[in-house]
Amino acid sequence: LFGGLGISLFRRRLARRLFLRRTSLRSLEPISRTSDLPDVDDAVRWLGEVKVSGETHMALLCHPPSAVTYEASSLGRTVVVAPCTMLPSIWEANRGGVTCTLTVTAGDGWKAERTIHIDPHRRWRDRRWQRLTIAAPSPGPADMTTVRVTLKTAVPPGGTLDNAWAIWGEPHLRAWRSADEITTSLRGLLA
């Protein structure tokens, strides 16, 4: 009935879908893609589903040094969520890991950035998706928030480009739904 999910996990996922609006960047066309590698189409591309430590996401390969930028809008206070890691098949071969940077910019000039160094060869705790999040400011709960989201990867000092295959796990915007939207969703569910 629940596809192998426990009842509590099923309830959490159902509540998340009911109360939160999610806009996947995968459904949008990037406004820019850059890479120091010769072929940007090979360096920055969607791979399909990748499972890391029991958690599966649609993965965006972003071979360092590369970056991809999206522009997206959402109602209310928006949080940008961007899980990142390295492809599991290269954990043992890579030396030095990668750095993943999430940058969010709003139209009024506001900007925030989060960076993480991932090195699954050296640190076992890096053998999972590392979640970077940034909450964008919103003028009000019913106002539209438009942000530019840049996902950037680089090789840290002392690292090598060999097997530095960084991936982003279905980055998305998340915002609370209004009470009217929740009521409409519940009516549709119960109808």
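**Figure 1. Pairing of strands β7 and β10 in the predicted model.** T101 stands opposite K152 of strand β10. The structure shown here and in the following views is a predicted model. Strand β7, residues 98–106, and strand β10, residues 144–154, run antiparallel and are joined by eight bridges.

**Figure 2. The open sheet of five strands.** The strand order is β2-β5-β10-β7-β8, and the pairing is antiparallel. Strands β2 and β8 (111–118) occupy the edges; each has a single partner strand, so one side of each is left without a neighbour in the sheet. From one strand to the next, the twist averages 20°. For orientation, the protein as a whole has three helices and 12 strands. Of its 191 residues, 41% count as buried. Among the contacts in the protein with a separation of 6 or more, 75% are accounted for by residues 24 or more positions apart.

**Figure 3. Surroundings of S35 in strand β2.** S35 belongs to strand β2, which spans residues 32–35. The side chain of S35 makes a polar contact of 2.8 Å with the side chain of S66. The S35 side chain also reaches the backbone nitrogen of L37, at 3.0 Å. When neighbours within four places in sequence are left aside, the residues in contact with S35 are V40, A43, H63, P65 and S66.

**Figure 4. The cis peptide bond between P64 and P65.** The bond leading from P64 to P65 is cis, with omega near -10°. P65 is located in the loop between β4 (55–62) and β5 (66–75). P65 is also one of the residues in contact with S35.

**Figure 5. Strand β9 and its pairing with β6.** Side chains alternate along strand β9, residues 130–136. Q130, L132, I134 and A136 point to one face and are buried, whereas R131, T133 and A135 point to the other face and are not buried. Seven bridges pair strand β9 with strand β6 (residues 78–86) in the antiparallel sense. A136 of β9 is the bridge partner of T78.

**Figure 6. The buried residue P83.** P83 is found in strand β6. Its relative accessible area is 1%, so P83 counts as buried. Apart from neighbours within four places in sequence, P83 is in contact with H57, W129, Q130, R131, I167, W168 and G169. Two of these contacts, Q130 and R131, are with residues of β9 that point to opposite faces. P83 and G169 are 86 residues apart in sequence, yet their C-alpha atoms are 5.0 Å apart in space.

**Figure 7. Two residues with positive phi that are not glycine.** S53 has a positive phi of about 50° and is placed in the loop between β3 (44–52) and β4. With 57% relative accessibility, S53 counts as exposed, because the threshold for exposed is over 50%. E170 has a positive phi of about 45° and lies in the loop between β11 (166–169) and β12 (172–176). With 13% relative accessibility, E170 counts as buried, because buried means under 20%.

**Figure 8. R127 and the ring of W124.** The charged end of R127 sits over the ring of W124, at 3.9 Å from the ring centre. As for aromatic pairs, defined by ring centres within 6.5 Å, the count comes to zero.

Note on methods: Residues numbered from 1 in each chain as written. Predicted model: local features only at pLDDT ≥ 70, side-chain atom pairs only at ≥ 80, totals over all residues. Heavy atoms only, no water. Phe/Tyr/Trp six-rings, centres within 6.5 Å; stacked < 30°, edge-to-face > 60°. Lys NZ or Arg CZ within 6 Å of the ring centre and 35° of its normal. Helix = DSSP H or I, 4+ residues; strand = E, 2+ residues; numbered from the N terminus. Polar contact = N/O pair within 3.5 Å; in protein donor to acceptor, adjacent residues only side chain to side chain. Contact = heavy atoms within 4.5 Å. Pairing = 2+ DSSP bridges. Axes fitted to C-alpha atoms, helices over the stretch in contact; angles between N-to-C directions. Buried < 20%, exposed > 50% of the residue type's maximum accessible area, 1.4 Å probe, protein only.
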